[in-house]
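Visitor: I have a structure to go through and would like a guided look. Could you put it on screen?
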Amino acid sequence: MSGLVDMMDNLIIVFSELTFILEFLLRVEHTLAQTDDEEVLLNLQFLKKELETFIDGFDFKGFFFPVKYAFNY
């Protein structure tokens, strides 16, 4: 029974971490839509790509590294 409880605790932690990151990504996207400063836009685009990379690699425990970043301008 202890193993099941530990597994459930781990799943709750993983879910809360992923939820926090997804909410943060939404905040970044919202801020991207509201700013005109080129430097801020560039930094937010990099941050967004970093967050997406983390989310894509979440199932692999962070061992997911993209070959390149591609921005849609």
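Guide: Here it is, and please keep in mind that this is a predicted model. As a start on the contacts, 40% of those in the protein chain between residues at least 6 apart in sequence join residues at least 24 apart.

Visitor: How many helices and strands does the protein chain have?
Guide: The protein chain has 2 helices and 0 strands. Helix α1 covers residues 2-34, and helix α2 covers residues 38-56.

Visitor: How far does α1 reach from its first C-alpha to its last?
Guide: With 33 residues, α1 reaches 48 Å between those two atoms, which is close to the 48 Å expected at 1.5 Å a residue.

Visitor: And what span should α2 have?
Guide: The 19 residues of α2 should span 27 Å at 1.5 Å a residue, and its end C-alpha atoms are indeed 27 Å apart, so the two values agree.

Visitor: Which residues are buried in α1?
Guide: In α1 the buried residues are Ile21, Leu25, Val28 and Leu32, and the buried residues of this helix pack against α2.

Visitor: What about α2, which residues are buried there?
Guide: Leu41, Leu44, Leu51 and Thr53 are buried in α2, and what covers the buried residues of that helix includes α1. For the protein chain of 73 residues taken as a whole, 15% count as buried.

Visitor: What area does the protein chain expose, and how much of it do carbon and sulfur atoms supply?
Guide: The protein chain exposes about 6,100 Å², of which carbon and sulfur atoms supply 64%.

Visitor: Let's switch to the loop between α1 and α2. Where does threonine 35 lie, and is it buried or exposed?
Guide: Threonine 35 lies in that loop, and it counts as buried because its relative accessibility is 16%, below the 20% cut-off.

Visitor: Which residues is threonine 35 in contact with, leaving aside its neighbours within four places in sequence?
Guide: Beyond those neighbours, threonine 35 is in contact with Val40, Leu41 and Leu44. A polar atom of the threonine 35 side chain also lies 3.4 Å from the backbone nitrogen of aspartate 37.

Visitor: And what does aspartate 37 do at the end of α2?
Guide: Aspartate 37 caps the N-terminal end of α2, with a side-chain oxygen 3.1 Å from the backbone nitrogen of glutamate 39.

Visitor: On to charges: how many salt bridges does the structure hold?
Guide: The structure holds 3 salt bridges. In one of them, the side chains of glutamate 29 and lysine 48 meet with an N to O distance of 3.7 Å. That pair links distant parts of the chain, since glutamate 29 is in helix α1 and lysine 48 is in helix α2, 19 residues apart.

Visitor: Are those two buried or exposed?
Guide: Glutamate 29 is partly exposed at a relative accessible area of 32%, and lysine 48 is likewise partly exposed at 24%.

Visitor: What else does lysine 48 form a salt bridge with?
Guide: Lysine 48 also forms a salt bridge with glutamate 52, where the closest N and O atoms are 4.0 Å apart. Because lysine 48 and glutamate 52 are 4 residues apart in helix α2, about one helical turn separates them.

Visitor: Which lysine does glutamate 52 meet besides that one?
Guide: The side chains of glutamate 52 and lysine 49 meet in a salt bridge at 3.6 Å, N to O, and these two residues are 3 apart in helix α2, about one turn of the helix. Salt bridges that share partners thus join Glu29, Lys48, Lys49 and Glu52 into one network. As for its surroundings, glutamate 52 counts as partly exposed at 23% relative accessibility.

Visitor: Last topic, aromatics. How many aromatic pairs does the structure hold?
Guide: The structure holds 1 aromatic pair. Phenylalanine 20 and phenylalanine 24 form it, and the pair is stacked, with 6.4 Å centre to centre and 15 degrees between the planes.

Visitor: Why are phenylalanine 20 and phenylalanine 24 separated by about one helical turn?
Guide: They are 4 residues apart in helix α1, and therefore about one helical turn separates them. An α-helix has 3.6 residues a turn, so residues three or four places apart point the same way.

Visitor: And is each ring's residue buried or exposed?
Guide: Phenylalanine 20 is exposed, with a relative accessible area of 54%, whereas phenylalanine 24 is partly exposed at 29%.

Terms used. Residues numbered from 1 in each chain as written. Predicted model: local features only at pLDDT ≥ 70, side-chain atom pairs only at ≥ 80, totals over all residues. Heavy atoms only, no water. Buried < 20%, exposed > 50% of the residue type's maximum accessible area, 1.4 Å probe, protein only. Polar contact = N/O pair within 3.5 Å; in protein donor to acceptor, adjacent residues only side chain to side chain. Contact = heavy atoms within 4.5 Å. Phe/Tyr/Trp six-rings, centres within 6.5 Å; stacked < 30°, edge-to-face > 60°. Expected span 1.5 Å × (residues − 1). Areas by Shrake-Rupley, 256 points an atom, 1.4 Å probe, with all protein chains shown as cover.
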